[in-house]
Every structure is written in C-alpha cells, then in structure tokens.
Amino acid sequence: MNLQIAAQINSFLAAFVLLTAFAMLVQKRIYSLIHIFAWQGLLLSINTAIVGYVANKHHLYISSIMTLSLKVFVLPYILHVLVVRLKIRKEVETLVNIPMTMLIGLALVIFSYHLMAPVSELSHLITKSTLAIALATVLIGLLMMITRKHAVTQIIGFLAMENGLFFAATSATYGMPLVVELGVALDVLIAAFIFGIFFFHIHTTFDSLDVEQMAKLKEGD
Amino acid sequence: MTLLILLGVPLVAALILAFVGERKLAPEINIFGSAATCAAGFMLALQVYEQGPMMAGGKFFFVDAFNVYLAVLTSFVSMTTAVFSRRYMRREVEHGRVGHVQMRFYHAMFQLFIFAMLLCLLTNNIGVLWIAMELATLSTVLLVSLYRTPTAIEAAWKYFILCGVGISQALFGTVLLYFAAEKVLGEGGEALLWTNLSQVSGQLEPTVLSLAFVFLMVGYGTKVGLVPLHNWLPDAHSEGPTPISAVLSGLLLNIALYALVRCKVLVDGATHSHQAGNIMMGFGLLSVLVAAFSLLRQKDIKRMFSYSSIEHMGITTFAFGLGGPIATFGALLHMLVHSLAKSAIFFTVGHASQMHRTQDMDKIRGLFKGNPLVGWGMMFGVMAIVGMPPFGIFTSEFLILTATIKDAPLLTPFLLLGLGVAFAGLFRKVQQMVSGDIPDNQRSLKVAHLPVLLHMGLVLIIGLYLPDFLSRWFHTAVELLK
Amino acid sequence: MMLGRLVTELLQVALLVGAAPLFVGWVRMLKCWTQGRTSASLLQPYRDLAKLFSKDVVLAENASWIFRFTPYLVFGTTIIAGAVVPMLTINLPLAPIADVIVLVGLFAIARFFTALAGMDIGTAFGGMGSSREMMVASLAEPAMLMAIFTVSLANKSTSLSHIAEVMYSGQSLLKPSLAFAFIAFILITLAETGRIPVDNPSTHLELTMLHEAMVLEYSGRHLALIEWAGMMKLFLFMALGSALFFPWGIAISDGPLEIAGAGIIILAKLAASGIVLVVIETGLAKMRLFRLTEFLGSAFLMATLGMLSFFILE
C-alpha cells in the first residue's frame with residue numbers, strides 16, 4: 001500500500017471518527033449510543049492496523065487487536081448488559097438543546113484545529129493531520145459528559161474521550177510505547193468494572209440513573 | 001532490591017487482604033504490611049542518601065532525593081493511618097456502617113492505593129506515572145462510596161468523573177510530550193524515561209512542550225485539587241471513611257503535585273522561560289484565596305479541613321511555580337509538614353466525629369474535657385496548619401513568603417490575605433469544638449494515640465530544629481528541580 | 001461548434017422539462033411497490049398536468065399581479081437553473097454565466113415569490129405555509145451554501161462545469177470533506193424538494209403540509225406550472241447531486257454519440273437515485289415541524305464538518 005493512499009484512508013477514517021463523535025453527542029437513545037461507540041472503536045482499530053502496516057510498527061497490531069476486543073466487544077457488551085439489567089429504556093433529555101450542542105461541538109473542532117496546527121506542522125508522519133481530529137474527539141467526549149444527565153451517557157462520554165486519546169497517540173507518534181498502551185487498557189478495564197458496580201449502587205440508592213438527583217452535596221451545607 | 005520490597009509488599013498485602021480482609025486479624029496484617037513498606041522506604045532512603053540517585057529494573061525505576069523523600073513520607077503516613085484505621089474501622093463495623101465484604105474491600109484497596117502511589121513516585125517512565133495515577137484514583141473511588149449512603153455515592157461519582165476527565169487531559173499532555181521527545185530520543189520506551197528527557201530537555205520543541213504543559217496542568221491539577229478544578233475534593237474527603245480522607249489529603253494530593261513538578265522541570269528546560277511557573281503560580285494563588293474564603297462557610301468538619309488542604313496545596317503549587325532555591329525548599333518542606341499535620345488532624349477529626357456520631361461542627365463540643373488527646377491533638381494540629389510557630393508549617397510558610405516578597409512582591413498581599421482568612425476561619429470553628437462542657441451526645445471511646453502523637457511530634461521537631469540530614473536532603477532536591 | 005453546443009443546451013433543457021414528470025412517476029411507482037400497492041402508470045404525472053392545463057383558472061377577487069406572475073416566474077427560473085447544471089455535457093455554453101451560488105439564488109427567487117404569492121390572497125393556509133416554508137428555507141439555505149462551498153473548496157472552483165470536470169478526473173477521490181458534503185447534500189435535497197421527513201408530498205393534511213399550503217389557492221394552468229416546476233426541481237437536485245459527486249458518464253467532448261450516451265447514463269443514474277430516494281422515504285417518518293431544526297441542524301453540521309475536515313485533513 002503506498003503512502004499516499006494510506007494517508008487518504010487515514011484521514012477518511014479520521015473524518016468518520018469525528019462523525020461518530022458528533023453522532024454520540026446528539027444521539028438520545030442509549031442503545032444507539034452504545035452501538036455508535038462500538039463503531040467508533042472499530043474505526044479506530046482499523047485505523048491503527050493500517051497505520052501499523054504502513055509505518056511497519058508491529059506493536060500497533062497488538063494495540064489494534066486490543067482496541068478491537070476491548071472497545072468493540074467487551075465494553076459495549078458490558079454496557080449493554082447493564083442497560084438491560086437495569087431496565088433503562090427512557091430517552092434521555094439533554095441539558096442543552098441539540099442544535100446548540102452541535103454548534104458548541106463545531107466550535108470545539110475549530111478550537112482544536114487552531115491548538116494543534118503548530119504541532120502538526122512539526123510532524124512528518126502521514127497521520128499528522130488527524131491530531132486535531134483526535135483532540136476534537138476528546139473535547140467532544142468532554143462536552144457530552146457535561147451536557148448529559150444520565151450516568152450511562154456520562155460513562156460513554158468518558159470512554160469516547162479515552163478513544164480520542166488513543167487516537168491522538170496513534171496519530172501523533174504512531175502509538176505510545178507498548179507498556180503504556182497496555183497500562184492504559186488495563187486502567188480502562190478496571191474503570192469499566194468500577195462503573196459497573198457504580199451503576200448498581202446508584203440504581204439501588206436513587207432508583208434511577210439520572211445524576212440530576214445527585215445534587216445534595218452543595219457548597220456551604 | 002529494597003525497591004522491589006517497597007513496591008512488592010503493598011501489592012502482596014493487597015492480594016492477601018483481598019481474601020482475608022474481613023477476618024479479625026486483617027487490621028494487623030494491614031498494619032504489618034504498611035510497616036514493612038515503611039521500613040523498606042527508610043532503607044531505600046538511606047541507600048539514596050549514601051550513594052546518590054540510582055536506577056533499577058533496566059531504567060524503569062528511578063530514585064533521587066526528591067521522590068525518595070516523598071516515598072518515605074507516603075509509606076510512613078500510610079503506616080500510621082493503618083494503625084489509626086484499626087480502631088476506627090472496628091468501631092464503624094460495630095456501628096453497622098460497613099459490612100464484612102466492605103471491610104475486605106477496604107483493606108485490599110488501601111494497600112493497592114499505597115502501591116499505586118509508590119509506583120507513581122518511583123517510576124521513571126512518565127507514561128507509567130500516568131497509569132499509576134489513574135490506578136490510585138480508581139482504587140480510592142469505591143472507598144469513598146464505602147458507606148453506600150446517597151451522599152457518599154454522589155461524592156464518589158463526582159470524584160470518579162471529574163478525576164477521570166482531568167486525568168485524561170494529562171494523558172493528552174503526555175502524548176504531546178512523547179511526540180516532542182520522540183524527535184530527539186527516537187522511538188520506543190526510552191523516549192518516555194524521565195532521566196533521558198531531563199538530559200535533553202533543552203532540545204525539546206518549546207511550542208509543543210508549553211502546549212503539553214497546559215494539558216498536564218489541567219490534568220494533574222485536578223488531582224491536586226487546584227481551583228477551579230477542585231469540586232470533587234471536599235465531597236470525596238467528607239463522605240469517605242476518615243482514614244481515606246487522611247491519606248487522600250496527606251498523600252494523594254502530594255503525589256499529583258509531584259507529577260506536575262516533574263513535568264514542569266522538563267518544560268522549563270525546553271522553553272527557557274518562566275511560563276510554566278507563572279501558570280502554576282496563578283492556579284496556586286487562586287486556590288489559596290478561594291479555599292480560604294470557602295473555609296468560612298463550612299458546617300461539616302471534614303469538608304472544612306479538605307478546603308484547608310486545597311489551600312495548602314495552593315501554597316505549595318504557588319511556591320513551586322515561583323521557583324528559586326528558597327521557594328522550592330519551602331515547598332518541599334511544606335509538602336512534608338502539611339502531610340503530617342493534616343493527617344494528624346484527620347485522625348482527631350475521625351475520633352471526634354465518632355464520639356459525637358456526626359460531622360456537623362455545631363454538634364461537636366467539649367473535646368478537651370471529653371478526650372484530651374483528641375481535643376489537644378486537634379487544637380495543636382490546627383495551630384500547626386494555620387502556620388503558628390513553633391510548628392514546621394510556620395517555617396515553610398515563612399520561607400515561601402520571604403521568597404514571594406523577593407521575587408513577586410505584588411502577590412504577597414494576596415497570599416497573606418488567604419493565609420489570614422484561613423487562620424481566622426479555622427481557629428474560630430475549632431475553638432468552639434474543643435472548649436466547653438461535654439455535650440449530651442458525646443460518648444467516650446478508646447482512641448489510637450500513637451499516630452497523632454507521632455505526627456504532631458515530628459511537625460514540632462521540624463519546626464524547632466530542622467535536622468541536618470533533612471535540610472541537606474532538601475538542598476539536593478532543590479538542585480534537581482532547578 | 002457553437003451551434004452544436006447550443007443544440008446540446010436546448011436538448012438538456014428539453015430533457016429536464018420532458019423527463020421531470022417521468023421521474024416523478026417513477027418515484028411514485030417505486031413507492032407504491034414498496035408499500036404493496038398497485039401503482040398508477042409511469043405516465044400519470046403527464047396526464048395530471050394535461051388535465052390541469054385544460055382547466056380554467058379560478059382567481060380570488062383580491063389576487064394581485066404577484067399571484068398571477070409567480071407561476072411563470074417559478075417555471076422560468078427552474079428552467080434557467082436547468083440550463084446551467086451539467087447533465088449531458090461539461091461544455092455547456094451557459095455554464096460560464098452562472099456558478100453554484102447563482103444556482104442557489106435562482107431557487108431562492110422562486111421560493112421568495114412562492115411565499116409572497118401564498119400570502120397574497122390573505123387566507124390562513126397560505127400565510128401559514130409561507131411562514132413554514134421560510135422557516136425551513138432559513139435553515140436549509142445556509143446548510144446548502146455550506147455544502148456547496150465545501151465542494152467548491154475541494155475542487156477549487158465555484159463553477160459547476162469545472163467542479164464536474166475535476167471530479168471526473170478522479171483527483172478528488174476519497175476526500176472526507178466530499179463525503180460529508182454529500183451526506184449534507186442528501187439531507188438538504190430532502191428538505192428543499194419537500195420530501196419525507198420534512199414534508200409529505202402526497203398529502204394535503206392541513207396541520208402538517210408546508211409547500212402544499214402555500215399553493216393551495218392555485219388552479220388550472222397556474223397550478224400546472226407550479227407542479228411542473230416542483231417536479232423539475234426534484235429532477236434538478238438529483239442531477240446536481242450526480243454532477244457534483246458522481247459525474248462519471250457525462251460527455252467531455254461535443255460528439256453527438258457521446259452526448260447521446262451521456263443522456264442514457266444520466267437517465268440511468270436518475271432512476272437509481274429515485275430508488276435511493278424511495279428507500280430513504282420509506283425508512284423515515286414525517287418529522288414534527290419543531291424537530292426540523294434538529295434535522296436541518298444536522299445538515300448544517302455535516303456541511304461544516306466537511307469544510308473543517310477540508311482544512312484539517314487535506
């Protein structure tokens with residue numbers, strides 16, 4: 001595969017990662033959110049494998065397989081099981097209306113472009129232009145966590161941020177060293193178990209996963 | 001070897017306690033494990049003191065004066081906390097606030113938390129540093145929600161989400177750092193080793209590093225509890241069990257600050273400017289002021305002291321940002337004495353709230369008469385923490401203020417204002433609690449003497465006379481951080 | 001040479017005018033099939049138009065010249081628009097006088113006068129339809145322009161012929177910005193041509209209709225012209241999409257054989273796009289009016305993302 005085509009495929013996948021990030025931002029149904037999250041993981045996994053092939057970095061294959069198993073199968077499965085068990089069907093209302101969220105998301109994309117432009121210029125990798133997209137994905141995940149009131153959606157936002165970070169590592173430097181990648185994956189897995197436990201705690205204590213109810217701790221109390 | 005013991009013991013202890021954590025002997029195992037860790041910490045410190053900085057495990061671990069002193073502090077405070085938690089947690093079980101499963105969980109996670117913090121300190125790889133920091137967060141999240149009350153779960157959720165978000169920013173910063181390092185050091189794990197990075201920091205790309213520092217600042221700053229990223233801290237401290245509040249306040253905040261300072265050294269080397277320092281000073285000063293004024297409004301005793309922690313972390317961050325030998329010396333000393341004093345205060349606070357079965361300060365009265373150790377311990381602890389002589393915090397704050405007057409005179413009034421307000425706020429509240437007659441709702445109980453006495457004694461000794469080896473040690477660390 | 005091109009131009013306009021009802025018939029037929037109904041003949045739209053032309057015009061007493069003038073204007077602007085979109089060949093003689101921005105402007109004029117005419121009589125439905133139509137327009141037009149600018153940026157020209165030429169040469173293959181622009185374009189097409197989920201072309205339900213409410217007062221040949229223009233608009237959007245994103249098969253030179261081939265290919269492409277349209281329409285339900293902001297917001301989002309990814313990624 002020559003570099004030109006690889007770079008094009010890479011930016012194409014980056015564009016779709018961004019698209020999934022926005023799709024998650026505006027999606028209200030939890031099941032669809034989980035599916036989009038899995039798709040995003042799949043895109044990242046493919047992207048990592050392609051970059052690994054082009055750059056001849058074999059540790060990226062391991063990252064790619066890890067992403068595939070963790071973010072496409074394990075985490076969405078856990079989330080799915082939790083959602084089924086806790087019988088969450090309700091569509092979740094967002095704090096800010098959807099068109100507004102979209103506009104903020106767009107502003108974040110522009111912001112990350114400006115932030116990353118000087119960094120990308122220093123890079124000589126074929127993936128350099130996707131760095132801004134990666135940061136945008138992180139920031140959109142953050143925005144999603146802020147605008148959603150539901151515990152599950154907040155967690156999906158958190159995991160989307162994690163996806164963005166992984167993407168950033170791949171596009172800035174062809175991935176972090178393997179030790180770090182493995183460690184990060186382990187942390188994500190532990191986090192998954194913790195939020196799993198948490199969902200049950202929140203559900204039994206508050207009888208719902210709407211984090212709006214958790215507002216007892218305020219300043220000056 | 002010592003290093004291996006230092007890291008291995010808490011991990012093994014965590015594994016053992018994961019199976020037997022609810023047995024009668026579990027607290028003793030916990031204490032024993034922490035004591036062994038502490039001994040290993042002292043041994044390692046002795047080695048470093050005699051032989052200078054060293055590396056181990058194929059450059060994977062790196063020990064110098066800066067981190068070994070924090071490692072000793074961490075292992076020491078976790079040992080005394082383990083001693084304290086024996087009585088405290090037994091009482092909580094008797095009160096029915098925690099069950100057996102939770103106890104097992106508590107003990108295992110406590111040791112895992114210590115392991116994560118020590119790994120944070122001793123690793124040479126800034127990627128692993130991040131992982132260990134995240135592990136430290138994750139291991140304490142479920143400890144904060146140990147009581148399973150709605151507020152505890154809320155606090156833990158906030159802690160989990162905010163710190164998770166914050167720490168992801170730090171990972172992005174780390175990616176950028178690796179991006180810059182890779183150009184100079186080539187690919188692979190070598191480029192993330194702090195020792196390699198600090199050697200070539202002058203060649204790193206300044207634009208990338210200053211951008212990276214912003215992300216690292218936001219990320220690790222969240223864990224330090226700097227304003228405006230501090231929202232999780234008072235909640236997590238007030239809702240978790242007191243031993244956890246003590247180690248969160250006394251240790252975890254220090255570790256996060258350690259990570260930040262390590263990164264700052266690299267950034268300073270690359271940018272040749274005071275930019276990173278200025279950012280830290282800004283965050284630090286803001287934290288001091290906001291925390292001092294928030295102190296005044298608190299009703300919950302642990303919440304109040306957690307704001308005090310924010311304030312002190314602000315002072316330390318400010319001092320590290322200020323740079324220069326005196327301020328850095330002051331900051332290092334401050335980290336030490338604040339850890340000791342704040343955990344001692346939390347020990348007494350834990351006892352006091354158990355005696356009254358409440359954390360509401362209006363209902364806690366007559367501690368002098370009810371239990372002199374708790375009463376006087378809290379009184380002296382607060383005197384120490386607000387910076388009254390002859391305690392060690394007076395020395396460190398004095399040093400920091402001196403440096404401020406010299407290098408940033410315009411900021412001195414703000415710093416003094418923060419300190420003054422915190423002084424007044426803490427004193428007013430504590431005065432009420434310790435004096436007066438024993439109220440009806442107070443019950444007497446057995447308390448753990450050793451931790452409080454040990455900590456306060458050390459703070460006092462450091463205030464009266466800074467041992468020669470300690471000051472030489474700090475001087476070495478100051479050299480490293482220049 | 002010039003004469004040959006003029007003939008091509010005329011042929012293209014004739015194709016637009018002649019084949020538009022056929023296309024609508026095709027879409028209706030497909031729709032009937034997907035819903036398991038027996039369809040009317042493919043030529044039914046022609047018969048409808050013929051019927052309307054043969055009827056008398058009934059005018060309201062207070063109808064002004066705007067009301068009478070609008071059908072001709074709408075029909076005329078649509079034909080001009082059809083003359084600049086490269087359907088058969090890239091070398092259209094009229095192409096240099098109008099680029100994509102003018103094209104959007106032509107549609108805007110038609111819409112503006114339709115809205116005026118809707119309010120001219122002063123009935124409740126006309127006014128309501130006009131206000132709704134303008135609401136949709138105010139959201140759809142920025143998105144349309146954004147999408148078109150993205151395509152223009154990616155192909156470095158606002159001239160439709162030039163865009164089609166660059167696309168044809170395959171230089172712009174695999175550009176993420178174009179993928180985004182294409183998605184945006186589909187969404188906008190649905191809104192602009194009044195298809196589900198924005199409007200339902202086959203009902204006259206007073207609470208939901210948009211476009212139909214505006215033209216409720218028309219009859220006879222006026223109505224026929226407006227309906228015909230609507231059909232041409234749908235046809236034109238499909239042709240525009242094919243010229244901007246899939247120009248393969250269009251004639252590059254002026255050879256009559258090639259142009260004849262291009263004519264067959266464009267008809268085939270339109271037939272295919274009709275299938276796509278029906279699939280989309282069958283899969284969706286008509287949206288509530290107030291959710292349209294979200295729908296068109298997404299179109300705008302897509303178009304803007306396309307533009308941003310042009311700057312970031314290309």
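How many residues does the contact take from chain B, and how many from chain A? Let me start there, since that is the part of this model I want you to look at before anything else. It takes 40 residues from chain B and 39 residues from chain A. And please keep in mind as I talk that this is a predicted model.

Okay, so what sits on the chain B side of that contact? Three helices of chain B, α5 (126-144), α6 and α8 (206-224), each put in at least two residues on the side that touches chain A. Which of the helices gives the most? That's α6(B), with 18 residues. If you sort this side of chain B by class, you get 22 nonpolar, 10 polar and eight charged residues.

Now zoom in on one helix pair in there. Find α5 of chain A, residues 131-147, and α6 of chain B, residues 150-185. Their axes are 11 Å apart, and the two helices pack at an angle of about 170°. Parallel or antiparallel, then? Anything over 145 degrees counts as roughly antiparallel, and that makes α5(A) roughly antiparallel to α6(B).

Who actually meets whom? From α5(A) we have A:V138, A:L142 and A:M145, and across from them in α6(B) are B:I161, B:V165, B:S168 and B:F172. Look at the spacing of those numbers while you have them on the screen. An α-helix has 3.6 residues a turn, so residues three or four places apart point the same way. As for the class of the residues in this helix-to-helix contact, six are nonpolar, one is polar and none is charged.

Let's move over to chain C. Here 15 residues of chain C are in contact with 18 residues of chain A. On the chain C side, α7 (176-192) and α11 (292-313) each supply at least two residues. The largest share comes from α11(C), which provides 11 residues of the side touching chain A. By class, that side of chain C has 10 nonpolar residues, four polar ones and one charged one.

And what about chains B and C? No contact joins them, and their closest C-alpha atoms lie 18 Å apart. Two pairs of chains touch, and the pair with the most contacts is A and B.

Now the chains one by one, beginning with chain A. It has seven helices and zero strands. For 221 residues, a compact globule would have a radius of gyration near 17 Å, and chain A comes out at 18 Å, so the two agree. Its C-alpha trace spans about 55 × 35 × 35 Å along the principal axes. In chain A, 53% of the 221 residues count as buried. Take the contacts with a separation of 6 or more: in chain A, residues 24 or more positions apart account for 72% of them.

Chain B next. This chain has 19 helices and two strands. A compact globule of 482 residues would have a radius of gyration near 23 Å; chain B has 21 Å, which agrees. The C-alpha trace of chain B spans about 70 × 55 × 45 Å, and 63% of the 482 residues count as buried.

While we're in chain B, have a look at α16, residues 392-407. How does the length of this helix work out? At 1.5 Å a residue, its 16 residues should span 22 Å, and the end C-alpha atoms are 23 Å apart, which agrees. The buried residues of α16(B) include B:I393, B:L399, B:I400 and B:L401, and also B:E397. So what covers them? Among the elements that do are α12 (301-322), α13 (325-356), α15 (372-385), α17 (412-434) and α18 (449-464), which also belong to chain B.

Last one, chain C. It has 11 helices and zero strands. Its radius of gyration is 19 Å, close to the 20 Å that the globule rule gives for 314 residues, so chain C is as compact as a globular protein of that length. Along the principal axes, its C-alpha trace spans about 55 × 45 × 45 Å. Of its 314 residues, 47% count as buried.

To recap the contacts: chain A touches chain B, chain A touches chain C, and no contact joins chain B and chain C. That's it from me, thanks!

Technical notes:
Residues numbered from 1 in each chain as written. Chains lettered and ligands numbered in written order. Predicted model: local features only at pLDDT ≥ 70, side-chain atom pairs only at ≥ 80, totals over all residues. Contact = placed C-beta atoms within 7 Å. Helix = DSSP H or I, 4+ residues; strand = E, 2+ residues; numbered from the N terminus. Nonpolar A, V, L, I, M, F, W, Y, C, P; charged D, E, K, R; others polar. Expected span 1.5 Å × (residues − 1). Buried ≥ 20, exposed ≤ 12 C-beta atoms within 10 Å, placed from the backbone. Axes fitted to C-alpha atoms, helices over the stretch in contact; angles between N-to-C directions. Parallel < 35°, antiparallel > 145°, perpendicular 65-115°, else oblique. Rg over C-alpha atoms; globule rule 2.2 N^0.38 Å.
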